[in-house]
Amino acid sequence: MNYRVTVLKGDGIGPEVTDEALKILELAGQKYGFTLECTEALIGGGAIDQTGDPLPQETIDRCKAADAVLLGAVGGPKWDHLAGQQRPEKGLLRIRETLGLFANLRPAIVYAPLRSASPLKDEILGDGLDILIVRELTGGIYFGKRGRRGEPGSQEAFDTEAYAEYEIRRVGQAAFEFARKRGKRLCSVDKANVLDTSRLWREIMVDIGKSYPDVELSHMYVDNAAMQLVRHPRQFDTIVTSNMFGDILSDEASQITGSIGMLPSASLAAGTFGLYEPVHGSAPDIAGQNIANPMAAILSAAMMLRYSFGQMAAAAAIEEAVNQVLAAGLRTGDIAYGGEKPVGTKEMGQAIAKALASL
Ligand code: IPM
Ligand code: MG
């Protein structure tokens, strides 16, 4: 098998962590019998500098011609003064919309060796956390009508939350499928006591649930969900929620794992196409110093193998290699809580490669 991957390294630490992920993918291919044909393209600040556009048409074309996209990170202080439409983040929002990436998977996992880094008490963590947040990614208030009216001094600004049934249905179905393959419990998070979009969301989730009698569906208001995530996070298996609520809850969930620098994500379209990126940002303050943690990028590559290419064994092997390296005590600076001597980005990549090779 040969897979075409468009690589968007992006800004800050994006290039260096993506390079490690690419090495691991290459090695996994040799071991599991597939090849990758990688093409690079520009996104974010780097794209603004070179073309004036955070998401140039050429990048869109290259992504559409690929089987999957691997992204590093975008943004940095250099571009913070730019107006909304020209910001690096706008490149992210447009690529989600253009490629139809409606289902965003954000796992929140506590890696046993990093447990002490979680801000939660031991008894709350219990035997660990493994939550999958499925965030709707191409609708809602992120993409609704927005604007301003009136004169300066008495202006009004507005953003609109709107959800069509088909948008709720497709992400709901995806979430039920994932829940079915995991702990068979799906919690749909909304604000149905106030918002009409949420009431429709809930109706559709109940309707989809009829086709998944093996998955236990529950509903929770988003304010309560934010509280339950720190009070009793182990009650959650799979969570499905709207774009805005998912943005907020996924940050909260990642932080309670204590390992935000470790977390990968997948943004899936219909079919097998997807974009894979670490949850962490571009960390411009540490860029280019060989100290960034490449594990989230490497684990994102593993998600790509699993969800876009169906290479389950290769994906599981990469995850196992990451676990082994952690268990052996190797740490980059961001996770060296136990006073371990940190290793660099490249050294961490090499250690994972070595563990993978000897599996
Ligand atoms: C995320 C980020 C983005 C979002 C920003 C950078 C536009 O916070 O991926 O969660 O809000 O979706
Ligand atoms: Mg966010």
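**Note on a two-domain predicted model**

The structure holds 23 salt bridges. This is a predicted model. The points below take the domains, then the salt bridges, then three single residues.

1. **Domain layout.** The assignment splits the protein chain into two domains. Domain 1 is made of two stretches, 1–104 and 259–359. Domain 2 covers 119–256. The C-alpha centres of the two domains lie 25 Å apart.

2. **Domain interface.** On the side of domain 1, 14 residues are in contact with domain 2, and 14 residues of domain 2 meet them. Together the domains bury about 1300 Å². Of that area, 68% is on carbon and sulfur atoms. Which residues of domain 1 lose the most area to domain 2? They are Arg96, Phe102 and Asn104, which together make up 48% of what that side buries.

3. **Charge and polarity across the interface.** The rule finds zero salt bridges between domain 1 and domain 2. Polar contacts are present: two residue pairs, both at pLDDT 80 or more. Three elements each supply at least two residues of the side of domain 1 that touches domain 2: helix 4 (88–98), strand 4 (103–109) and strand 11 (264–268). Helix 4 gives the largest share, three residues. By class, this side of domain 1 has eight nonpolar, four polar and two charged residues.

4. **Glu20 and Lys23.** These two side chains form a salt bridge, with N to O at 3.0 Å. Both residues sit in helix 1 (residues 14–32). They are three residues apart, about one turn of the helix. Is each partner buried or exposed? Glu20 has a relative accessible area of 3%, so Glu20 counts as buried. Lys23 is partly exposed, at 44% relative accessibility.

5. **Asp80 and Arg87.** A salt bridge links Asp80 with Arg87. Their closest N and O atoms are 3.3 Å apart. Asp80 is partly exposed, at 44% relative accessibility. Arg87 is partly exposed too, at 22%. The cut-off for buried is under 20%, so a value of 22% does not qualify.

6. **Arg199 and Asp196.** Here the salt bridge has an N to O distance of 3.1 Å. Why can the pair be described in terms of one helical turn? Both residues lie in helix 7 (residues 196–209), and because they are three residues apart, about one turn separates them. Arg199 is partly exposed, with a relative accessible area of 34%. Asp196 reaches 57% and counts as exposed. The line for exposed is over 50%, so Asp196 passes it and Arg199 does not.

7. **A salt-bridge network.** Lys9, Asp19 and Glu40 are linked in a network of salt bridges. Lys9 comes up again under Pro15, as one of the residues in contact with Pro15.

8. **Thr59.** Thr59 lies in helix 3 (residues 57–64). Its relative accessible area is 2%, so Thr59 is buried. Which residues does Thr59 touch, leaving aside neighbours within four places in sequence? The contacts are Leu8, Ala41 and Leu42. The Thr59 side chain also reaches the backbone oxygen of Leu42, at 2.6 Å. Ser118 is 59 residues from Thr59 along the chain, and their C-alpha atoms are separated by 38 Å.

9. **Ser259.** Ser259 is in the loop between helix 9 (243–257) and strand 11. Residue 259 also begins the second stretch of domain 1. Is Ser259 buried or exposed? Ser259 has 1% relative accessibility, so it counts as buried. With neighbours within four places in sequence left aside, Ser259 is in contact with Ile109, Tyr111, Leu114 and Ser254.

10. **Pro15.** Pro15 is placed in helix 1, the helix that also holds Glu20 and Lys23. Pro15 is partly exposed, at a relative accessible area of 26%. Leaving aside neighbours within four places in sequence, Pro15 is in contact with Lys9 and Gly10. Gly258 is 243 residues from Pro15 along the chain. The C-alpha atoms of Pro15 and Gly258 are separated by 24 Å.

11. **To take away.** The chain has two assigned domains, and they bury about 1300 Å² between them. No salt bridge is found across their interface, although the structure holds 23. Of the three single residues, Thr59 is buried, Ser259 is buried, and Pro15 is partly exposed.

Conventions. Residues are numbered from 1 along each chain as its sequence is written. Chains are lettered from A and ligands numbered from 1 in the order in which they are written. This is a predicted model: local features need pLDDT of at least 70, side-chain atom pairs count only at pLDDT 80 or more; totals for chains, interfaces and linings use all residues. Side-chain values use heavy atoms; hydrogens and water are left out. Domain bounds come from an automatic or database domain assignment. Contact means heavy atoms within 4.5 Å. Buried area is the accessible area (1.4 Å probe) that two parts lose on being put together, summed over both. A salt bridge is a side-chain nitrogen of Lys or Arg within 4 Å of a carboxyl oxygen of Asp or Glu. A polar contact is a pair of N or O atoms within 3.5 Å; within protein, one must be able to donate a hydrogen and the other to accept it, and residues adjacent in sequence count only if both atoms are side-chain atoms. Helices (H or I, at least four residues) and strands (E, at least two) are DSSP runs, numbered from the N terminus. Ala, Val, Leu, Ile, Met, Phe, Trp, Tyr, Cys and Pro count as nonpolar, Asp, Glu, Lys and Arg as charged, and the others, Gly among them, as polar. Buried means under 20% relative accessible area, exposed over 50%, partly exposed in between (1.4 Å probe, protein chains only).
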